[in-house]
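Reader: I should like to learn how helix packing and local backbone features are read from a model. Please take the features in turn.

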Amino acid sequence: MLVNHDGRKAGSKSWMWVYRSGHLYQKRQIVLYEYQQTRNASHPREFLKGYDGICVTDGYQVYHTLEKELEELTIAGCWVHCRRRFDEALKLVPKSCQKESNAFLLMKQIQAIYREEGKLKDLSSDERLKQRQAVIKPLVDAFFAYLKTINVSKKDKFGDAVGYALNQEKYLRVFLTDGDVPIDNNASERAIRGFCIGKKNWQMIDTIHGAKSSAIIYSIVETAKANNLKPFDYVQHLLEEIPKHMNDKDCSFLEDLLPWSGKLPAGIRKA
């Protein structure tokens, strides 16, 4: 996105970082947007400081650097990003030859992994982990075993896809170790997509304060949606209730306004 008045030359890019809770853990869904001027490691380093857990990310090297720095942080890879590269490679193969190509075979293997993972969405974390180990792990093992038998050129799309998958193997296997870790970060991508579509309507944000304010608004709205609330009604409720406490020194009233609070009006929740 573009921020017009931030002390840099015109046209300088800014970034909206998005963090969200894993969609498999449904009790308290959180989506947070954070405006920053760059994509360097200092931003997630500060945000994730003290975090103990697993983050599902794409292959951006910054995340792997942070994993080495932050003792309690584990990075899990995203299978959508892996699949996307093989899909791009397959599109370059003539249709008449696609079914005989290695790209097609590897895509079918990834589809099999996703098909079995899709059957587990309603299971408990423990049951999902057991099924992943029993059913999905052998499929993942076969996928990487086959990858390692292929000779590729690093200069074409297929070689790039194979190289990416092999370099990310350690991270792409992490979801097999924890039933709460999603196989990909598609939920975050959907949250980012909403912002990317919206920003076309305003083209640029004039000030840093405006960018930070938009991050707050998007965080509230997307978190409401993730918790099955009606965003407009939820924001209206906040605007009605918060002013009643402007002189309060105790902010505990906010607990009743959180998206998962049982004290929210029933009409705010989607049927």
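The dialogue that follows treats the overall make-up, then helix packing, then two single residues.

Reader: On what footing do the values stand?

Author: This is a predicted model, in which local features need pLDDT of at least 70, side-chain atom pairs count only at pLDDT 80 or more, and totals for chains, interfaces and linings use all residues. Residues are numbered from 1 along each chain as its sequence is written, and side-chain values use heavy atoms, with hydrogens and water left out.

Reader: How many helices and strands are there in the protein?

Author: Helices (H or I, at least four residues) and strands (E, at least two) are DSSP runs, numbered from the N terminus. The protein has ten helices and six strands. Along the principal axes, its C-alpha atoms fill a box of roughly 70 × 50 × 40 Å. Of the 271 residues, 39% are buried (under 20% relative accessible area, with exposed over 50% and partly exposed in between, using a 1.4 Å probe and protein chains only). Among contacts (heavy atoms within 4.5 Å) with a separation of 6 or more, 59% join residues 24 or more positions apart.

Reader: How is the packing of two helices described?

Author: Two packed helices are described by the angle between their axes and the distance between the axes. Axes are lines fitted to C-alpha atoms, for helices over the stretch in contact, and angles run from 0 to 180 degrees between N-to-C directions. Angles under 35 degrees count as roughly parallel, over 145 as roughly antiparallel, 65 to 115 as roughly perpendicular and the rest as oblique.

In this model, the axes of helix 3 (residues 79–91) and helix 4 (residues 102–118) cross at roughly 150° and come within 9 Å. The two helices are therefore roughly antiparallel. Their contact comprises twelve nonpolar, no polar and two charged residues (Ala, Val, Leu, Ile, Met, Phe, Trp, Tyr, Cys and Pro count as nonpolar, Asp, Glu, Lys and Arg as charged, and the others, Gly among them, as polar).

Reader: At what angle do helix 3 and helix 6 cross?

Author: The axes of helix 3 and helix 6 (residues 157–167) cross at roughly 165° and come within 8 Å. That angle makes helix 3 roughly antiparallel to helix 6. By class, this contact has eight nonpolar, one polar and four charged residues.

Reader: How far apart are the axes of helix 4 and helix 5?

Author: The axes of helix 4 and helix 5 (residues 125–147) are 9 Å apart, at an angle of about 175°. Helix 4 and helix 5 are therefore roughly antiparallel. Their contact has 13 nonpolar, two polar and four charged residues.

Reader: Which residues does Arg 85 contact beyond its neighbours within four places in sequence?

Author: Arg 85, a residue of helix 3, is in contact with Asp 160, Ala 161 and Tyr 164 when those neighbours are left aside. The C-alpha atoms of Arg 85 and Asp 160 are separated by 7.6 Å, although the two residues lie 75 residues apart along the chain. Arg 85 counts as partly exposed because its relative accessibility is 26%.

Reader: What is phi of Asn 228?

Author: Most residues other than glycine have a negative phi. Asn 228 has a phi near 65°, a positive value in a residue other than glycine. Asn 228 lies in the loop between helix 9 (208–226) and helix 10 (231–241). With a relative accessible area of 40%, Asn 228 is partly exposed.
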